[in-house]
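Here are my notes for you to read with the structure open beside them. I've kept them as numbered points, so take them one at a time.

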Amino acid sequence: MSNTKLEKVFRDPVHNYISVSNQTIYDLIGTTEFQRLRRIKQLGTSSYTFHGAEHSRFTHCLGVYNIAKQITEMFTKNYPDIWNSEENLVTQCAALLHDVGHAAFSHTFEGVFDTDHEAITVNIITDPSTEVNAVLRKVAPDFPEKIASVITHDYENQQVVQLISSQIDADRMDYLLRDSYYTGATYGEFDLTRIMRVITPVDNGIAFKIQGMHAVEDYIVSRYQMYMQVYFHPASRAMEVLLHQLLKRAKVLYPTQKDYFELTSPRLVPFFEHNYTLSDYLHLDDGVMTTYFQNWQTHPDEILSDLSNAFINRKLAKSIKYDSADEKDLDILRQIIEKIGFDTDYYTAVHSNFDLPYDLYRPELQNPRTQIEIMQKDGTLTELSELSSLVKSLTGTTHGDNRFYFPRDILSPDTLFKTEQETFVSYIRNDHFLGKKDFELTDVCNNLV
C-alpha cells in the first residue's frame, strides 16, 4: 500500500481521529464523486424529526473506512495465516466507496425515479469517465472491478465481503453509532471497542470470539432499538411520504409544462424524461432538490405548490396504524377525506416499515443472510442464536408497522364538515384504524351498553 508523504487526519465526533496514510484513499476522498456525499444527508428526512441529524453520507463513509482500516490492520498483525494483507486496500476502498452512489434524499428518490444506488455505485467505480475510477486504475487496471465486486458481493474472498456487508459489518457499526450520536438517541450505542477485539477472520468469512458474545448481543439489540425508535419514526416517514407525493405530482405535470420545469428545475428534467446519464445523477444533491422545491412553492398548480410549501416548512401529515388485513377498508377513510375536499391521490398514502433484526442463514431464501458465527474456545463455530436466548427471541421475527397518512386538518374542529370529521374519528382508537369488522363489532358493543 502506497503511503502519503504525511499522514492526514480527520477529526470525527464518533471515532475521534480518522487517519489516512495511504495515497489512494486520500485521493479517493478528494474526488468530485466522493465530495458530493457532503451534500447528501445520511438520514434523509430524519433531520425533520431529530434536528441534530444533519450529518452526511461523507462522514459516514469516512467512519466505515476507519473501522475497516482498524480491523484489517489488526487482522494483518494477529492473523497472518488466515488473512491476506493484500486485501487491506481492497477492503478499505470498498468501505470508503460503498455509499458513493446514493441519490439525493436517497431511498425516496429511488422509489419515484426507479434508480438503484448500488448499481450507480458500481457504475461510478467502473466508469472510465469518473475521477474515482481514475484513482483506482492507478493501483491496477482491474482494481475498479475488484472494488465493484465487493459491493455486489461477488468478490471471491468472503472475508472482505462480510466486513463490508453482513449482519454485523463496518457499515452497520458506524451508522448505528453515528446516527445515535447525531439524533441524540442513545439506543444505538454499543461496545465497539470490545467487538473490535473479538472479531476474527475464518476460512470463509468472519466470526467473533465467545468472550465478546455479550457485546455482539448488545449490538443486535441496539440495532433493533434504532430501527424502532429512529429509522421508523412516524414523523420522518411523514416527510418521506410528502416528498414522494411532491415528486409524483411534478412528474404528472411535467409533460404539459416542460418549459416551466426546464426553467425552475433543469437537473430533474432527464429523470422526468426517463433518460438520465451518470453525470445527470451526480449533479443532483439534497441542496439542489430543496432549491427546486422552493421554486415550486409559487407554481400555479395548487397541489404542487401546497406540497412544496408543506415540505419546505415541515407541515406534516397525521398518521394512524393499520393491520394488513384491514388495508382494503382504508377506502372508507379516503372517501371521507375526498368529501371534505382533498385529492386522496396526493394527500393520503400508506407507508410500511418492517425490519428483521437478526436471522440465521436460510439457503432456501432468494437473498439469504450471512449469520453471525461465535467462535468457541476450541475453535468451533456456533450460530449466535444457539448461544444467546436474547438474540433467539429476535431471530426470524419482523418488527415495524403499517401506517395510513392523511391531512392533519381532518382532525381539526370544523363546523362545516363536523359530521364527516366525527365519522372519521370514530374509526380510530388509540391511533389505530378499526377495520370494518372491528368497527361494526365496537358499534354493536356500544349499543349493548
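1. Let's start with a pocket: which residues lie nearest the centre of the second largest pocket? Look for A310, K315, A317, Y347 and P407, which belong to a lining of 21 residues. Before you go on, keep in mind that this is a predicted model.

2. Staying with that second largest pocket, its volume comes out at about 360 Å³. The elements that each give two or more residues to its lining are α13 (234–253), α18 (302–312), α20 (344–347) and β9 (399–406). Sort the lining by class and you get 14 nonpolar, three polar and four charged residues. Remember α13, as we'll meet this helix again below.

3. Now for enclosed space. How many cavities of 30 Å³ or more does a search of the whole structure find? It finds one. The largest cavity holds about 50 Å³ of space. Its lining is made up of Q162, S166, Q167, I168, I206, F208, T370, Q371, I372 and E373. By class, that lining has four nonpolar, five polar and one charged residues.

4. Back to α13, this time with helix α17 (residues 286–296). Their axes come within 12 Å and cross at roughly 65°, which means that α13 is roughly perpendicular to α17. The crossing of these two helices is left-handed. On the α13 side, the contact uses L243, L246, L247 and A250, and on the α17 side it uses M289, F293 and W296. Have a look at the classes here: seven nonpolar residues, with no polar and no charged ones.

5. α13 has another helix to deal with, α5 (residues 106–113). The two axes come within 10 Å and cross at roughly 35°. This time the crossing is right-handed. From α5 come T108, V112 and F113, and from α13 come E240, L243, H244, L247 and K251. That contact is a mix: four nonpolar, two polar and two charged residues. If L243 and L247 of α13 ring a bell, that's fair, since they're in the contact with α17 and in the contact with α5.

6. Last, go to helices α3 (residues 57–78) and α4 (residues 88–97). How do they run, roughly parallel or roughly antiparallel? Their axes come within 7 Å and cross at roughly 165°, so α3 is roughly antiparallel to α4. The cut-off behind that label is an angle over 145 degrees. α3 passes α4 in a right-handed crossing.

7. Still on that pair, you can trace the contact residue by residue. α3 brings C61, L62, V64, Y65, A68, K69, T72 and T76, while α4 brings N88, T91, Q92, A95 and L96. Counted by class, the contact has seven nonpolar, five polar and one charged residues. Try picking out K69 of α3 in the viewer, as this lysine is one of the contact residues.

How values were computed:
Residues numbered from 1 in each chain as written. Predicted model: local features only at pLDDT ≥ 70, side-chain atom pairs only at ≥ 80, totals over all residues. Heavy atoms only, no water. Axes fitted to C-alpha atoms, helices over the stretch in contact; angles between N-to-C directions. Helix = DSSP H or I, 4+ residues; strand = E, 2+ residues; numbered from the N terminus. Parallel < 35°, antiparallel > 145°, perpendicular 65-115°, else oblique. Left-handed = near helix turned anticlockwise from the far one by under 90°. Contact = heavy atoms within 4.5 Å. Nonpolar A, V, L, I, M, F, W, Y, C, P; charged D, E, K, R; others polar. 1 Å grid on protein atoms, 1.4 Å probe; cavity = no way out; pocket = protein on both sides within 12 Å on 5 of 7 lines; lining within 4 Å. Points joined across faces, edges and corners; volume = space filled by probe spheres on them.
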